[in-house]
Amino acid sequence: MDAVIDYDVTRIKQDFPILNQQVHGHPLAYLDNAATTQKPNCVLKAIDYYYQHDNSNVHRGVHALSERATKSYEAARHKVQEFVNAKHVEEIIFVRGTTEAINLVANSYGRSNLNAGDSVLISTLEHHSNIIPWQMVCEQTGASLKVIPINDAGEINLEAFEKLLTDEVKILAVGHASNAIGTVNPIKFMINKAHEKNIPVLIDGAQAAPHIAIDVQDLDCDFYALSGHKMYGPTGIGILYGKKALLETMLPYQGGGEMISRVTFEKSTYNKIPHKFEAGTPNIAGAIGLHAAIDYLQSVGLDNIAEHEHELLIYATEAMSSIPELRIIGTAKEKIGVVSFILGDIHAHDVGTILDHHGVAIRAGHHCAMPLMDRFEVPATVRASFGLYNTREEIDRLVDALNDVRRMFA
Ligand code: C6P
């Protein structure tokens, strides 16, 4: 039985049809939720309903279908506003995902506000999506990238962070939670410190949004990025939250339909936020699916999910620590349900392949965090990441399969 009282994981699992399958003759144990989560029936149904009944373009047509599609698309924006507790609905911009959200800020905000001699401050824990866009904009502007170091547990060195917050820093961009090793960063503290120096802050919330209740007003972050597919919604839809006053000063990142107010060959003017940042036909079905996913998360309860996943993390950490030669990478005090590890000198990809043959799906590799792998002097890790439908029994199967890997390589 599950340790979390009133949390009926067996019933929750039934909401996810994909989980009810065999892989290589074993029931699927899906432990790759940091890569992408599976989708509950309500999300699948919402997308299906939209395409069967309302499919049309938004903000353009005068006909009934277009009106319905527009209503549903904008209702999704209101849902996200409520989910992250944004003050204004126009602070919610639909994008493809976290990657696009960060590229938007790097290009729209970064290019206008960074000059030679300035710097962008990130941390060693960042995903490539929160490194490369800044590196690109630094190359274009002559600014430079500064990196906050971490300790051996994988926690940000806060003393070093405060020292690095110099007048040259024009933006701080940090992850809420690390995809590769699970560390949850003290972002509220970091945002406060940055704001004391009038430095705006972008939070990469890709890994936090499915696990931690987000309140952008309480955090007081300037930008917050997230991906729908990591929170039980569809792929190809994500959110950039930005403070209204900042978004209004920023130039659009992409040009095209929808983002304009008036176009002439001589000069064009732009639409209001958020539409100014949503050039082209958006992912309408994606936004509708994300709405359903947020409803689902709220029906289970973010606090219940966090408690369940924390219990799985403790259980897995203990069970895996008993496996000889298994070294967990990332032992921060505050973690989401991610266990990253190496098993002796067996390559992570070999471990991953054998686990797959036991029906256990994990990710093996650098997790798009190569500098972090360098920090721990490992080329790759095996990563098990938990979601709201995982169970202790699945972790037992992971441990058994890992013992099998050891026997095979002995
Ligand atoms: N991490 C993982 O397996 P996109 O691809 O745009 O939805 O999200 C990018 C991204 C940005 N930041 C963090 C912290 C992330 O974890 C991710 C995606 C996946 O860890 C795929 S590489």
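**Group meeting: a four-stranded sheet and two nonpolar cores**

Let me start with one pairing, in which strand 14, residues 338-343, and strand 17, residues 381-385, run antiparallel to each other and are joined over four bridges; within that pairing, V338 has S385 of strand 17 as its bridge partner. Please keep in mind that what we are looking at is a predicted model.

These two strands belong to an open sheet of four strands, whose order is 13-14-17-16 and whose pairing is antiparallel. Strand 13, at 326-329, and strand 16, at 363-365, form the edges, and because each has a single partner strand, one side of each is left without a neighbour in the sheet. From one strand to the next, the twist averages 30 degrees. Helix 11, residues 302-321, packs on this sheet, where it touches strand 13 and strand 14, and its direction makes about 10 degrees with that of strand 14.

Let me turn now to the interior. In soluble globular proteins, nonpolar side chains tend to be buried together. Here the largest nonpolar core has 81 residues, and the members touching the most others are F94, L172, Y224 and L388. Helix 10, residues 284-300, gives the most to this core, namely eleven residues, while domain 1 (9-39 + 301-409) and domain 2 (44-298) each supply at least three.

What is Y224 in contact with, if we leave aside its neighbours within four places in sequence? The contacts of Y224 are H176, I203, G205, A208, A209, I214, V216, L219, I239, L240 and Y241.

Finally, there is a second, separate core of 31 residues, with V351, A380, V382 and L398 among them.

Technical notes
Residues numbered from 1 in each chain as written. Predicted model: local features only at pLDDT ≥ 70, side-chain atom pairs only at ≥ 80, totals over all residues. Heavy atoms only, no water. Pairing = 2+ DSSP bridges. Axes fitted to C-alpha atoms, helices over the stretch in contact; angles between N-to-C directions. Contact = heavy atoms within 4.5 Å. Core = buried A, V, L, I, M, F, W, Y, C linked by side-chain atoms within 4.5 Å. Buried < 20%, exposed > 50% of the residue type's maximum accessible area, 1.4 Å probe, protein only. Domains from an automatic or database assignment.
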